[in-house]
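This report is meant for someone meeting the structure for the first time. It begins with the surroundings of the ligand and then turns to a single serine.

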Amino acid sequence: MPSEPLTVNQHRAAVADLVGAQPPVTYQLADCRGLVLAADVAAPVSLPPFDNAAMDGYAVRSVDIAEASAEHPVELPVAEDIPAGRTDVVPLLPGTAHRIMTGAPLPPGADTIVQVELTDAGEHRVRVLGSVPPGKHLRRTGEDVVAGATVLTDGTVLGPAQLGLAAAVGLPSLTVYRPPNVLVLSTGSELVGPGEPLRPGQIYESNSVMLATALREIGCRVEELRFVPDDVAAFHAALEPRISEVDLLVTSGGVSAGAYEVVKDALSGQGVEFTRVAVQPGGPQGCGRYRGVPVVTLPGNPVSSLISVELYLRPALLAAMGHRVVDRRKVRATLTSELDSPTGKEQYRRGVYRPRFGEVSGEVGPSGGPGSHLLASFAAANCLIVIDAETAHLPEGAEVDVLLFD
Ligand code: AMP
Ligand code: MG
């Protein structure tokens with residue numbers, strides 16, 4: 001007797017349990033993009049590490065130019081030139097100026113910077129055309145970061161600013177949650193590669209690149225195994241040499257109720273449970289462990305398989321990689337046309353969402369029909385419209401939940 005189908009949330013929880021937390025690992029900064037910090041980071045140095053000029057100009061003692069004006073400039077000898085990167089210490093003597101560039105260290109004895117625009121820009125002698133109070137155009141040691149302070153915390157997603165900060169405090173690498181190595185294995189004897197002419201009954205294989213891209217987008221390392229035929233021996237021959245190298249196996253196809261369901265035939269009774277989820281699209285699902293490795297088996301219909309990534313794998317893998325936000329942004333939107341939906345199943349329709357300027361909720365219309373083979377309308381969509389299991393019909397103008405792909 002077939003058992004009760006699972007809800008989306010039940011299968012989501014099962015996949016999340018299966019895909020446990022990833023271990024920490026240390027990577028060079030350039031390899032950390034989009035990954036999540038696995039430890040707090042303290043700054044080894046202060047930022048700025050030394051008092052320095054915030055503008056190009058002249059380092060002076062403010063008292064020496066207190067009386068300067070355009071009518072009565074104060075002229076000072078320029079004793080030194082301090083470009084950025086000069087590392088020797090050159091004290092300023094009273095009654096003199098050092099020409100200084102942005103980022104160069106403030107010489108001892110100087111207490112302010114006269115910006116070049118307030119001078120005649122002289123090289124050997126400079127005429128200062130106005131007064132400047134002490135401490136002007138200076139960037140003080142530790143103004144941004146004090147050495148020893150925590151600058152990035154466990155759980156931070158590493159984007160450009162965070163990686164820039166790590167580099168600025170002199171760190172070559174960071175400890176992050178290691179992205180999982182995922183093997184995407186697509187089955188189907190009807191599938192061929194680009195460049196091959198299509199014989200009757202054949203189609204071009206599309207799920208591998210699609211699923212791999214969805215997983216790479218969230219940070220996974222993905223290898224693809226394509227064109228595995230609907231034959232149990234061939235399936236095992238393709239899988240066995242690879243399974244021990246990966247953190248997760250994701251299969252496509254071969255899990256429905258028909259004959260020649262290769263994934264089901266190969267992995268049933270081997271630790272993988274095949275189930276139905278009360279959802280459209282993507283009812284046939286499975287998950288478990290094969291040879292100790294987590295396995296998630298997706299249906300082969302392209303739309304079903306990609307929506308299955310959205311519903312189950314994406315949140316589970318984001319959580320495994322330390323992300324605290326694992327869900328798509330959900331907004332309310334007004335339907336621009338009526339929609340029918342099967343009762344007893346949650347439905348996820350591809351949609352086009354348009355924000356309305358100045359208003360909290362935008363409007364949304366379906367992109368194509370509900371068919372799980374309609375990939376072109378998925379490619380034109382920017383969201384999923386969520387319709388709960390009880391709802392059979394939604395009139396135009398109804399408010400619906402929308403998950404945004406942004
Ligand atoms: P299956 O789940 O194997 O019964 O496949 C369901 C439908 O999806 C069939 O029409 C398959 O031809 C199609 N399909 C399965 N795998 C792929 C794939 N990798 N690329 C494109 N279409 C696929
Ligand atoms: Mg198939």
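In this predicted model, 16 residues surround ligand 1, and those that come nearest are Glu190, Glu205, Ser206, Gly254 and Gly300. By residue class, the shell around ligand 1 is made up of ten polar, four nonpolar and two charged residues. Two strands take part in this shell, since strand 12 (181–187) and strand 14 (203–204) each contribute at least two of its residues.

Backbone atoms of the protein also lie at short listed distances from polar atoms of ligand 1, as the table sets out.

| Residue (backbone atom) | Atom of ligand 1 | Distance |
|---|---|---|
| Gly300, N or O | oxygen | 2.9 Å |
| Asn301, N or O | oxygen | 3.2 Å |
| Asn207, polar atom | nitrogen | 3.4 Å |

Taken on its own, ligand 1 has 480 Å² of accessible area, and the protein covers 78% of it.

The serine to consider next is Ser208, which belongs to helix 3, a helix that spans residues 207–217. Is Ser208 buried or exposed? With a relative accessible area of 0%, Ser208 falls under the 20% limit and therefore counts as buried. When residues up to four places away in sequence are left aside, Ser208 touches Val184, Ser186, Glu224 and Arg226.

Key: Residues numbered from 1 in each chain as written. Chains lettered and ligands numbered in written order. Predicted model: local features only at pLDDT ≥ 70, side-chain atom pairs only at ≥ 80, totals over all residues. Heavy atoms only, no water. Near = heavy atom within 4 Å. Polar contact = N/O pair within 3.5 Å; in protein donor to acceptor, adjacent residues only side chain to side chain. Areas by Shrake-Rupley, 256 points an atom, 1.4 Å probe, with all protein chains shown as cover. Helix = DSSP H or I, 4+ residues; strand = E, 2+ residues; numbered from the N terminus. Nonpolar A, V, L, I, M, F, W, Y, C, P; charged D, E, K, R; others polar. Buried < 20%, exposed > 50% of the residue type's maximum accessible area, 1.4 Å probe, protein only. Contact = heavy atoms within 4.5 Å.
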